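Biologist: I should like to learn how to read this structure, one feature at a time. Could you take me through it, starting from a single element?

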Amino acid sequence: MRLSSLASLQSSWSAYGLRFAQEAGQDADVRLTFARVPIRLGESVLSSPRRDVAPGDWLLRLSDGSRIRARSGNRIEIDAPPSADGTGLAAWVLGPATTAILYQRGITPLHASAVEVNGGVVAFLAPSGTGKSSLAAAFVANGAPLVTDDVLAIRLGHAGTAHAWPGAEGLRLAPATRAHFSGAGFTLLRQDADDKQLIAAPTRVPEEPLPVRLLVLLARGGDLRIERIAGLDLLMSLRRLLQRPSLVAPLGAEAAVFRVLGWLAARVPTYRLVRPVGGWTLPACYTLVKECLATSPYQPTRQGSLHAV
Amino acid sequence: MPSDLSDAARIARAKDHPWCDLGAEIVVLRARDGAYYRLDATGRTVWLMLEAPRTLTDLLAQLANLYEGDPAVVAAETRDFVGQCTALGLLAVEADHG
């Protein structure tokens with residue numbers, strides 16, 4: 001006997017320009033199936049006690065004997081006993097397994113929350129706990145539609161231009177941050193075990209690709225300031241802000257990721273926003289980013305300068 | 001780089017290495033191991049000149065027009081750059097069979 005569905009997930013959902021479904025018969029770019037999953041991949045580039053990774057293939061082993069496999073960019077397979085923690089499995093599906101699928105499809109997932117301002121994406125990039133959701137919330141509270149929270153999926157279009165795709169619904173905020181925006185029309189969707197709250201933004205962008213207008217890399221430690229960042233420093237900073245960067249090479253996604261990061265580094269105005277540790281600086285950070293938007297020309301249709309030789 | 005490289009040998013960017021032009025520098029991804037290589041302003045100039053394969057003679061002539069200085073020094077530094085990039089697999093040298 002094995003688990004045959006995940007009740008904590010909808011039967012289908014959309015995110016990052018992809019349609020996910022866990023029921024047969026529905027159109028889907030990525031399908032969840034409940035079937036036998038091998039204990040190990042035959043030929044892995046990366047193998048650890050918990051996971052195996054090979055080009056186009058990713059396998060996770062959980063302590064309760066469950067296994068999740070993401071492969072070929074279009075299948076997530078789950079092999080779990082009926083007693084398995086469905087909520088936990090869903091989190092693995094929505095997190096690491098989806099990240100593996102994105103890399104397999106040539107989509108680059110960055111650690112970022114993002115909003116839409118005048119037709120372009122403004123993204124806040126940072127490791128977890130550095131304030132990217134809070135800054136996005138400040139823009140949402142001031143009328144900007146939410147694009148994504150935590151995972152920013154970017155892919156190059158046929159014209160060689162990088163576009164971002166909206167992520168899953170919701171913005172995860174600390175209770176104090178949500179309270180600060182109490183009049184902004186945020187709706188509580190879920191209370192998480194880590195005390196954060198998943199809230200629905202009043203407005204979201206439609207499920208269409210958007211040009212990337214501005215990147216803001218968040219850092220803690222030092223006086224509050226914002227400064228331009230470019231060149232190799234920017235490229236390497238973006239590389240460090242990938243979702244699960246250790247998967248890139250073993251999944252065979254290095255070239256696709258480089259093309260996206262190179263395009264961003266060459267074309268998109270980018271700033272590093274440094275904040276002191278402690279203290280409430282969100283309003284000041286919002287103002288600094290707004291000033292950057294006012295001084296950064298927006299040219300979403302320019303050709304990129306990234307090449308494959 | 002082979003110091004005995006013939007001036008008539010054709011130099012080309014190796015295939016399958018994505019690269020991006022960041023304005024003051026170029027970064028090349030070596031596909032086989034995911035290593036990033038930064039080419040400074042002069043390296044960038046040479047890289048851009050190799051949009052199509054060309055002989056070392058052609059390359060040196062164009063660089064001599066671009067940079068002031070002793071042509072022998074420019075030639076030596078270019079040979080050194082081509083040699084390093086060839087050793088890294090970023091450039092390919094087609095031997096002169098003529």
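Modeller: Let us begin with burial, which counts the C-beta atoms around a residue: 20 or more others within 10 Å make a residue buried. In this predicted model, helix H2 (residues 132–141) of chain A is mostly covered, with nine of its 10 residues buried.

Biologist: Which residues of H2(A) are buried?

Modeller: They are A:Lys132, A:Ser133, A:Ser134, A:Leu135, A:Ala136, A:Ala137, A:Ala138, A:Phe139 and A:Val140. After H2(A) comes A:Gly143, which has a positive phi, near 105°.

Biologist: Where is A:Lys290 found, and which residue of H2(A) can be related to A:Lys290 in space?

Modeller: A:Lys290 belongs to helix H6 (residues 282–295) of chain A. Its C-alpha atom is separated by 9.3 Å from that of A:Phe139, although the two residues are 151 apart along the chain. A:Phe139 is one of the buried residues of H2(A), whereas A:Lys290 is partly exposed, because 14 other C-beta atoms lie within 10 Å.

Biologist: How should I read the largest nonpolar core, and which residues touch the most other members?

Modeller: A core is read as a network of buried residues joined by their C-beta atoms. The largest one here has 103 residues, and A:Ala114 and A:Leu125 touch the most other members. Helix H5 (residues 254–267) of chain A gives the most to this core, namely nine residues.

Biologist: What is A:Leu125 in contact with, leaving aside its neighbours within four places in sequence?

Modeller: The contacts of A:Leu125 are A:Leu110, A:His111, A:Ala112, A:Lys132, A:Leu215, A:Val216, A:Leu217, A:Leu218 and A:Leu241. One of them, A:Lys132, has already appeared among the buried residues of H2(A).

Biologist: May we now turn to the whole of chain A? How many helices and strands does chain A have, and what are its dimensions?

Modeller: Chain A has six helices and 20 strands. Its C-alpha trace spans about 60 × 50 × 35 Å along the principal axes. The radius of gyration of chain A is 20 Å, which agrees with the value near 19 Å for a compact globule of 309 residues. Of these 309 residues, 42% are buried. Contacts can also be sorted by separation in sequence: in chain A, 65% of those between residues at least 6 apart join residues at least 24 apart.

Biologist: Which elements of chain A have the lowest and the highest mean pLDDT?

Modeller: The pLDDT expresses the predictor's confidence in each residue. Chain A averages 91, and 96% of its residues score at least 70. Among its elements, strand S7 (residues 67–71) has the highest mean, 98, and strand S20 (residues 306–308) the lowest, 46. The pLDDT is below 50 over residues 301–309 of chain A, a stretch that has 24 contacts in the model beyond near neighbours in sequence.

Biologist: In what order do the elements of chain B run from the N terminus on?

Modeller: The order is β-β-β-β-α-β-α-α-β, with three helices and six strands in chain B. The radius of gyration of chain B is 13 Å, close to the 13 Å from the globule rule for 98 residues, so chain B is as compact as a globular protein of that length. Along the principal axes, its C-alpha atoms fill a box of roughly 35 × 30 × 20 Å. Of the 98 residues, 21% count as buried. The mean pLDDT of chain B is 89, and 92% of its residues reach 70 or more.

Biologist: What is the order of the three strands in the open sheet of chain B?

Modeller: A sheet is read strand by strand, from one edge to the other. Here the order is S5-S1-S6, with antiparallel pairing. The edge strands, S5 (54–55) and S6 (91–94) of chain B, each pair on one side only. Strand S1 (residues 10–13) of chain B pairs with S5(B) over two bridges, and B:Arg10 stands opposite B:Thr55 in S5(B).

Biologist: How many residues does each chain bring to the contact between the chains?

Modeller: Chain B brings 15 residues and chain A 17 residues. On the side of chain B that touches chain A, strands S2 (18–21) and S3 (26–30) of chain B each supply at least two residues, and S2(B) gives the most, with four. By class, that side has eight nonpolar, two polar and five charged residues. The model as a whole scores ipTM 0.88 and pTM 0.91.

Technical notes
Residues are numbered from 1 along each chain as its sequence is written. Chains are lettered from A and ligands numbered from 1 in the order in which they are written. This is a predicted model: local features need pLDDT of at least 70, side-chain atom pairs count only at pLDDT 80 or more; totals for chains, interfaces and linings use all residues. Two residues are in contact if their C-beta atoms, placed from the backbone, lie within 7 Å. Ala, Val, Leu, Ile, Met, Phe, Trp, Tyr, Cys and Pro count as nonpolar, Asp, Glu, Lys and Arg as charged, and the others, Gly among them, as polar. The radius of gyration is taken over C-alpha atoms; the globule rule is 2.2 Å times the number of residues to the power 0.38. A residue is buried if 20 or more other C-beta atoms lie within 10 Å of its own, exposed if 12 or fewer, and partly exposed in between; C-beta atoms are placed from the backbone. pLDDT is the predictor's confidence in each residue, from 0 to 100. Two strands pair if DSSP finds at least two bridges between them. A nonpolar core is a set of buried Ala, Val, Leu, Ile, Met, Phe, Trp, Tyr and Cys residues joined through C-beta atoms within 7 Å.
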